[in-house]
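Colleague: I have a few points to settle on strands and core packing. Can you put the model up first?

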Amino acid sequence: MDPKELIARRCAAEVKPHTLVNLGIGIPTLVSDHLDEGMGVFFQAENGVVGMGRRPPEGMSDRHLTDAGGSFVSAVPGASTIDSAFSFGLIRGGHLDLTVLGGLQVDQRGYLANWMIPGVYVPGMGGAMDLVTGAKRVIVAMIHSAKDGTPKIVPECSLPLTAERRVDLIVTEKAVIRPEDDGLHLIETAPGVTVAEVRAATAANLIVTGEVPEMDLSRSC
């Protein structure tokens, strides 16, 4: 299975029916493809869409209907468009049940860095800071290591933090890791991946208790 698809499938298993969910740019946008539309999940985007559907078929896109990253989306029955102030009011007011975001680094405390790399142009901070601070639950969906092999799960982030709030779960193509008060707990490995391989690809210390189960990818549709 493609690593990004594996991550998206595992993240989809964390989405509960009848919830309001925000999906970040990149891997998180794939999560909705692995959910049954009958679950009643409403997806929200910071630019003012509540009720995003799956990506439209080729030739069926509407230039007025996009997600926060500018990609074309569809709308489910009952969807709404709102202004940016209302959209961020939902986020900052604690009304989002879950956000799934990409990551550049996550540290030993469970703090996320995902909005900029110093010296590299970014058009703005986007909604990441508000989402990490305001959502009831935060999942980081990212490839385990950078393109050069550098670990992205580190003792301390060298990149600017998105927020000083611990994320709830980290999902990569190698493992599922849960940050807690005492550190990062390895709770699942990907199919065919050993605990030793996860440790070797992780710069931060991992807490392993007992036998670590393999990801169950059957829980998403």
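Colleague: Which residue stands opposite Val-106 in S7?

Modeller: This is a predicted model, where local features need pLDDT of at least 70, side-chain atom pairs count only at pLDDT 80 or more, and totals for chains, interfaces and linings use all residues. Residues are numbered from 1 along each chain as its sequence is written, and side-chain values use heavy atoms, with hydrogens and water left out. Strand S6 (residues 105–107) pairs with S7 in the antiparallel sense over two bridges; strands (E, at least two residues) are DSSP runs numbered from the N terminus, and two of them pair if DSSP finds at least two bridges between them. Opposite Val-106 in S7 stands Leu-112.

Colleague: Why is one side of S7 and of S9 left without a neighbour in the sheet?

Modeller: The open sheet has three strands in the order S7-S6-S9, with mixed pairing. S7 (112–113) and S9 (153–154) stand at its edges, so one side of each is left without a neighbour, and each has a single partner strand.

Colleague: What is the bridge partner of Arg-178 in S12?

Modeller: Strand S11 (residues 175–180) and strand S12 (residues 183–189) are antiparallel, paired over six bridges. In S12, Arg-178 has as its bridge partner His-185.

Colleague: Which helix gives the most to the largest nonpolar core?

Modeller: A nonpolar core is a set of buried (under 20% relative accessible area, 1.4 Å probe, protein chains only) Ala, Val, Leu, Ile, Met, Phe, Trp, Tyr and Cys residues joined through side-chain atoms within 4.5 Å. The largest one has 59 residues, and Cys-11 and Val-100 are among those with the most contacts inside it. With five residues, the top contributor is the helix (H or I, at least four residues) spanning residues 3–12, H1.

Notes: Buried < 20%, exposed > 50% of the residue type's maximum accessible area, 1.4 Å probe, protein only.
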